[in-house]
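Student: Can we go through how the ligand and pocket terms get applied here? I'd like to see each label set against its cut-off.

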Amino acid sequence: MTQTLDIDVAIIGGGTAGMAAYEQVARHTDRVVVIDAGPWGTTCARVGCMPSKLLIAAAQAAHSVTHARTFGIEVGAPKVDGKAVMARVRAERDRFVASVLKTVESWPASHRVTGRARFVDDHTLAIEGAAPGTPTCIRAARIVIATGASSVRPPDWCQALGKRLVTHEEIFDWASLPTSVAVVGAGPLGLELAQALHQLQVRVRLYDARNQVGTLSSPALQAQCREIFGQALPLTLQAADLRIDLQSGHDGDTVRVRCPGSNAPEERFDLLLAAVGRRPNVAALDLSNTRLPLDDHGVPVFDRHSMQVGSLPVFMAGDAAADQPVLHEAAAEGRIAGTSAASYPAVQKQARRTAMQVVFSAPQLAGAGQGFEALTEAGVAFEVGRVSFADQGRAQVMAVNEGALEVYGEPGTGRLLGAEMVGPAAENIAHLLAWSVARGDTVQQMLSFPYYHPTLEEGLRTALRDLQQRLQLGHRSPTPGNAAGS
Ligand SMILES: Cc1cc2nc3c(=O)[nH]c(=O)nc-3n(C[C@H](O)[C@H](O)[C@H](O)COP(=O)(O)OP(=O)(O)OC[C@H]3O[C@@H](n4cnc5c(N)ncnc54)[C@H](O)[C@@H]3O)c2cc1C
């Protein structure tokens with residue numbers, strides 16, 4: 001029997017974006033529900049940011065042991081206990097999930113619906129798989145779409161490999177580490193996971209169809225990334241013609257990967273980890289039953305300052321919006337969408353934060369503000385200041401002296417526009433840079449700040465000095481130069 005609920009706001013998706021939207025809406029009305037297909041607990045905590053960083057933390061521990069001899073410390077080769085590694089990943093992951101669930105369970109029970117929502121019309125949602133006694137039809141004056149994204153699983157690979165094809169959605173449940181994994185996709189997710197598995201002594205090869213590793217758009221930094229990661233782990237780029245099949249043998253099935261035209265050997269692996277992108281979860285929403293304007297990928301077209309779709313009472317948030325698929329932006333978009341939904345029709349535009357992204361590889365990658373390609377494509381005039389970490393003092397001390405930083409500045413004003421980096425502590429330096437871009441700092445202002453010696457931030461100062469020179473700005477740094485620190 002259809003159980004219909006009439007409410008003010010329905011939020012589809014109880015992930016980071018949906019939860020942030022709920023917090024805003026619940027301040028204004030009690031007639032709100034969050035609908036999640038389950039399991040609740042967010043992508044970040046269950047299968048995303050947190051378990052991937054737990055795996056990377058284990059990998060870094062193994063890597064530190066291997067490299068202890070650089071400092072004259074002999075501890076022998078690390079012995080990786082795959083079961084213990086995965087037991088810690090799962091246990092800590094479960095604690096993060098439990099903490100999210102505690103928040104969800106603190107909401108009134110009437111505000112939570114478990115089931116899969118799809119649109120019947122602009123204001124009506126059918127709920128599939130709803131538990132007995134819970135609504136199967138929800139009519140809402142306003143709707144937030146915060147359905148996240150899912151890994152792309154190429155159908156021919158699924159058909160050929162069956163369970164030997166995995167994505168990040170399964171791997172954090174492993175009982176132990178596999179012996180070998182082919183990782184396809186050298187974007188942020190594939191790079192992080194492939195390198196972590198490699199450092200944990202899993203035989204890995206990372207493939208990508210493009211001639212690109214990670215996220216950096218500067219040609220000079222991208223060339224460095226190819227070199228650095230090509231040495232750090234088995235890497236095959238320009239692998240557009242990847243041939244993948246399942247081979248049966250005495251020891252069971254293996255995934256055979258061939259890459260004709262490249263110098264990569266034919267290899268067999270236990271598993272193939274597909275990291276070829278994540279697609280917004282909009283296809284199953286039956287958006288064709290609504291008046292929502294859609295882009296070429298079927299994603300509703302929205303204003304990123306209000307998250308509103310056209311002038312309709314529908315709002316996008318998080319990875320479903322396919323704008324900036326990172327955690328802090330999902331939360332920010334959820335807050336904006338929730339505020340807009342709560343105040344509709346008096347929707348106000350809100351400022352967006354300066355863009356920032358970090359990839360937790362070794363060395364890390366980071367971007368802040370506008371990247372090289374975005375500036376170039378927008379026809380913005382800019383100068384580039386550079387520093388190499390190969391001979392940077394503190395980086396040498398710690399034997400992490402590889403990579404480089406580029407800072408982009410505006411001619412005339414000296415304003416910092418953005419930066420890209422591959423190198424040590426990029427996650428920290430990216431914050432300083434993003435904050436400076438957000439404040440509208442000029443290169444001269446940034447050089448007037450203190451730089452402790454010896455730190456990696458002295459490398460940032462060298463890049464800023466280079467930029468200052470290229471922008472032909474006057475010298476106003478009160479700190480004298482220091483060769484060892486620069
Ligand atoms: C492996 C990995 C590592 C990552 N690492 C980082 C990192 O280090 N730093 C960072 O900033 N970001 C990282 N991210 C990205 C970050 O996790 C996401 O940007 C963020 O979790 C997106 O949140 P969301 O609320 O949009 O989606 P989700 O948390 O996925 O929530 C969407 C929810 O919608 C539900 N849903 C979908 N369709 C329906 C429907 N029809 N009806 C009802 N419910 C539905 C789903 O069940 C899900 O619970 C990582 C992502 C991955 C995959």
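Tutor: Sure, starting with contacts: a polar contact is a pair of N or O atoms within 3.5 Å; within protein, one must be able to donate a hydrogen and the other to accept it, and residues adjacent in sequence count only if both atoms are side-chain atoms. This is a predicted model, where local features need pLDDT of at least 70, side-chain atom pairs count only at pLDDT 80 or more, and totals for chains, interfaces and linings use all residues. Residues are numbered from 1 along each chain as its sequence is written, and side-chain values use heavy atoms, with hydrogens and water left out.

Student: What makes Thr147 a polar contact of the ligand?

Tutor: A polar backbone atom of Thr147 is 3.5 Å from a ligand oxygen, so the pair meets the cut-off. Pro325 has a backbone N or O atom 3.4 Å from an oxygen atom of the ligand, so that pair counts too.

Student: How many residues surround the ligand?

Tutor: There are 34, with Asp36, Thr43, Lys53, Asp319 and Leu327 the closest. A residue is near a molecule if one of its heavy atoms lies within 4 Å of it. That shell has 16 nonpolar, 13 polar and five charged residues. Ala, Val, Leu, Ile, Met, Phe, Trp, Tyr, Cys and Pro count as nonpolar, Asp, Glu, Lys and Arg as charged, and the others, Gly among them, as polar.

Student: Which classes make up the lining of the second largest pocket?

Tutor: That lining has 14 nonpolar, 15 polar and two charged residues.
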